[in-house]
Amino acid sequence: MMISTKGRYALMIMTYIAENQNDSAVPLKKIAENKGMGIKYLEIIVASLNKAGLLDSVRGKNGGYKLNRKPKEYSLLEILNVAEGSLAPVACVEKNICENSGNCKPYKMWKELDEIIENYLSSKTLADIL
């Protein structure tokens, strides 16, 4: 399993907003400039975070994005699942189907690894990385 740029950027975006929102929304342009990221790519990531209900968008002159919960209420698993989809180490675990799971010796190990990853990321919040 390797977290893609999309997943890493999603965590950076959420962290930056948590640190800088105060009582106002954080403009995407400000995030792009401060983090050296391309704004077009950020727009795609923020759109998925917004659609998943992790962020609120604010329109207008002072527009941008805000967290809609406290940082301690966002698990890292939740954020990464929005950005990455599944974090399963192998496809058969991701789809929870394996025609040979009864005879496949490594399947149990892959399933356990998946559970370890999910449990770890579920136990960590946005507040933990702030």
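What follows is a chat about a predicted model of a protein.

Student: What's the order of helices and strands along the sequence?
Tutor: The pattern reads α-α-α-β-β-α-α-α-α. That gives seven helices and two strands.

Student: And how many residues, and what share is buried?
Tutor: The protein has 130 residues, and buried ones make up 34% of them.

Student: What box do the C-alpha atoms fill?
Tutor: Roughly 60 × 30 × 25 Å, taken along the principal axes.

Student: How much area is exposed, and what part comes from carbon and sulfur?
Tutor: About 8,000 Å² is exposed, with carbon and sulfur atoms supplying 49%.

Student: What about contacts between residues at least 6 apart in sequence: what share join residues at least 24 apart?
Tutor: That share is 63%. For a pair with a wide gap in sequence, take Val-82 and Met-14: they are 68 residues apart along the chain, and their C-alpha atoms are separated by 12 Å.

Student: Where does Val-82 lie?
Tutor: In helix α4, which covers residues 76–84.

Student: What does Val-82 touch, leaving aside neighbours within four places in sequence?
Tutor: Val-82 is in contact with Ser-48, Leu-49, Ala-52 and Leu-54.

Student: Why does Val-82 count as partly exposed?
Tutor: Because its relative accessible area is 25%, and partly exposed covers values between 20% and 50%.

Student: Staying with α4, at what angle does it pack against α6?
Tutor: The angle is about 115 degrees, and the two axes are 6 Å apart.

Student: Which residues meet there?
Tutor: From α4, Leu-76, Leu-77 and Leu-80; from α6, Glu-118, Leu-121 and Ser-122. In this contact of α4 with α6, four residues are nonpolar, one is polar and one is charged.

Student: New topic. How many salt bridges does a search of the whole structure find?
Tutor: Two. In one of them, the side chains of Arg-69 and Glu-78 meet at 2.8 Å, N to O. Arg-69 is partly exposed, at a relative accessible area of 26%, and Glu-78 is also partly exposed, at 26%.

Student: Which side chains meet at 4.0 Å, N to O?
Tutor: Those of Lys-108 and Glu-112, in a salt bridge. Both residues lie in helix α6, four residues apart, which is about one turn of the helix.

Student: Are Lys-108 and Glu-112 exposed or partly exposed?
Tutor: Lys-108 is exposed, with a relative accessible area of 59%. Glu-112 has 39% relative accessibility, so it counts as partly exposed.

Student: Why can side chains like that pair at all?
Tutor: Because side chains of opposite charge can pair when their charged atoms come close.

Student: Which residues form a nonpolar patch on the surface?
Tutor: Met-109, Leu-113 and Ile-116, with about 260 Å² of accessible area together. Leu-113 lies in helix α6, residues 105–123. Leu-113 counts as partly exposed because its relative accessibility is 31%.

Student: Last one. Which residue other than glycine has a positive phi, near 45 degrees?
Tutor: Asn-22 has that phi. Most residues other than glycine have a negative phi.

Student: Where does Asn-22 lie, and is it buried or exposed?
Tutor: Asn-22 lies in the loop between α1 (5–20) and α2 (28–35). Asn-22 is exposed, because its relative accessible area is 64%.

How values were computed:
Residues numbered from 1 in each chain as written. Predicted model: local features only at pLDDT ≥ 70, side-chain atom pairs only at ≥ 80, totals over all residues. Heavy atoms only, no water. Patch = residues over 30% accessible without salt bridge, like charges linked within 9 Å, V, L, I, M, F, W, Y side chains within 5 Å. Areas by Shrake-Rupley, 256 points an atom, 1.4 Å probe, with all protein chains shown as cover. Buried < 20%, exposed > 50% of the residue type's maximum accessible area, 1.4 Å probe, protein only. Axes fitted to C-alpha atoms, helices over the stretch in contact; angles between N-to-C directions. Contact = heavy atoms within 4.5 Å. Nonpolar A, V, L, I, M, F, W, Y, C, P; charged D, E, K, R; others polar.
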